[in-house]
Structures are given as structure tokens and as C-alpha cells.
Amino acid sequence: MGSYTFNLDNSLNIKSVKGFYEKLKELIEKHDEIILDFKSVESVDLSVLQVLFAAGRTMKQNGKNIKYKSLTEGIKRQFYIFGLIKSL
């Protein structure tokens, strides 16, 4: 099934990671491309970065695609350091 844009909540952290993981897992099964919109996200912690890294790897292995939209400079820097994006 085609592309899906997932609008994320304010803060992604250890308290919200389980629900985020479950929703992302469901989306990976249903869609060929997922666009994660970080427009409302203020911060992301390591637990969420780990989920995103695993999700990206799973999607790539299955010929699917994950994209990130509306990243703040701080979140973009975190993603770059963690290897989720290739350039700033």
C-alpha cells in the first residue's frame, strides 16, 4: 500500500516509546513508505532514536522507505550523529 504521513506528538521519550513503537510497527506492515512529520516534536530521546534506527533498517530490508519531515536543527543533529540521516 502506498505512502502514509504520521504526524508525531510533542515529545518523544521513554514514556511514549512503547506506543510509538506499536504504531510504527503497524504502519511498517501496511505501507511501502512512511513519512514521519516532526513539526510538533520538541525533543527526542535515545529510546526513540533506537526505534527509528530499527524501523529504518527493517523497511530498507523489505524494499520500503522511511522519510523524516520538519526536523528542527537540534533533532536533525541528533539524527545525523545516530546515523539516521547522511547529512545536515
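**Note on the helices, aromatic pairs and nonpolar core**

1. Phenylalanine 82 has a relative accessibility of 27% and therefore counts as partly exposed; the class lies between buried, under 20% relative accessible area, and exposed, over 50%, with a 1.4 Å probe and protein chains only. The model is a predicted one, in which local features need pLDDT of at least 70 and side-chain atom pairs count only at pLDDT 80 or more, while totals for chains, interfaces and linings use all residues. Residues are numbered from 1 along each chain as its sequence is written, and side-chain values use heavy atoms, with hydrogens and water left out.

2. Helix α1 comprises 14 residues, 17-30. Helices (H or I, at least four residues) and strands (E, at least two) are DSSP runs numbered from the N terminus. The expected span, 1.5 Å times one less than the number of residues, is 20 Å for α1, and the end C-alpha atoms are 20 Å apart, which agrees.

3. The buried residues of α1 are Val17, Phe20, Leu24, Leu27 and Ile28. They lie on the same side of α1, because they cover an arc of only 100° around the axis; the arc is that of the directions from the helix axis to the C-beta atoms. Lys18 and Glu29 are exposed on the face of α1 turned away from the buried side. The cover over the buried residues includes β1 (3-7), β2 (11-12), β3 (33-37) and α2 (46-61).

4. Phenylalanine 20 is in contact (heavy atoms within 4.5 Å) with Phe6, Leu8, Leu12, Val48, Val51 and Leu52, neighbours within four places in sequence being left aside. Phe6 also has a charged partner: lysine 23 lies over the face of phenylalanine 6, 5.9 Å from the ring centre. The criterion is NZ of Lys or CZ of Arg within 6 Å of the ring centre and within 35 degrees of the ring normal.

5. There are five aromatic pairs, counted for rings of Phe, Tyr and Trp (its six-membered ring) with centres within 6.5 Å; planes under 30 degrees apart are stacked, over 60 edge-to-face, and the rest tilted. Phenylalanine 38 and tyrosine 68 form an edge-to-face pair, at 6.3 Å centre to centre and 65° between the planes. This pair links distant parts of the chain, 30 residues apart: phenylalanine 38 is in the loop between β3 and β4 (43-44), and tyrosine 68 is in strand β5 (residues 65-69). Phenylalanine 38 is buried, at 0% relative accessibility.

6. Phenylalanine 53 and phenylalanine 82 are also edge-to-face, since their ring centres are 5.8 Å apart and their planes stand at 85°. This pair joins helix α2 to helix α3 (residues 73-82) across 29 residues. Phenylalanine 53 is partly exposed, at 37% relative accessible area.

7. Ring pairs also link Phe38, Tyr68 and Phe79 into a cluster. These residues recur in the largest nonpolar core, where Phe20, Leu24, Leu36, Phe38, Leu52, Tyr68 and Phe79 touch the most other members of the 26. Such a core is a set of buried Ala, Val, Leu, Ile, Met, Phe, Trp, Tyr and Cys residues joined through side-chain atoms within 4.5 Å. Two or more residues come from each of α1, β3, α2, β5 and α3, with α2 giving the most, six.

8. Two loop residues merit inspection. Serine 70, in the loop between β5 and α3, has a positive phi, near 60°, in a residue other than glycine. Histidine 31, in the loop between α1 and β3, is buried at 9% relative accessibility. Residues up to four places away in sequence aside, histidine 31 touches Met1, Gly2, Ser3, Tyr4, Met59 and Lys64.
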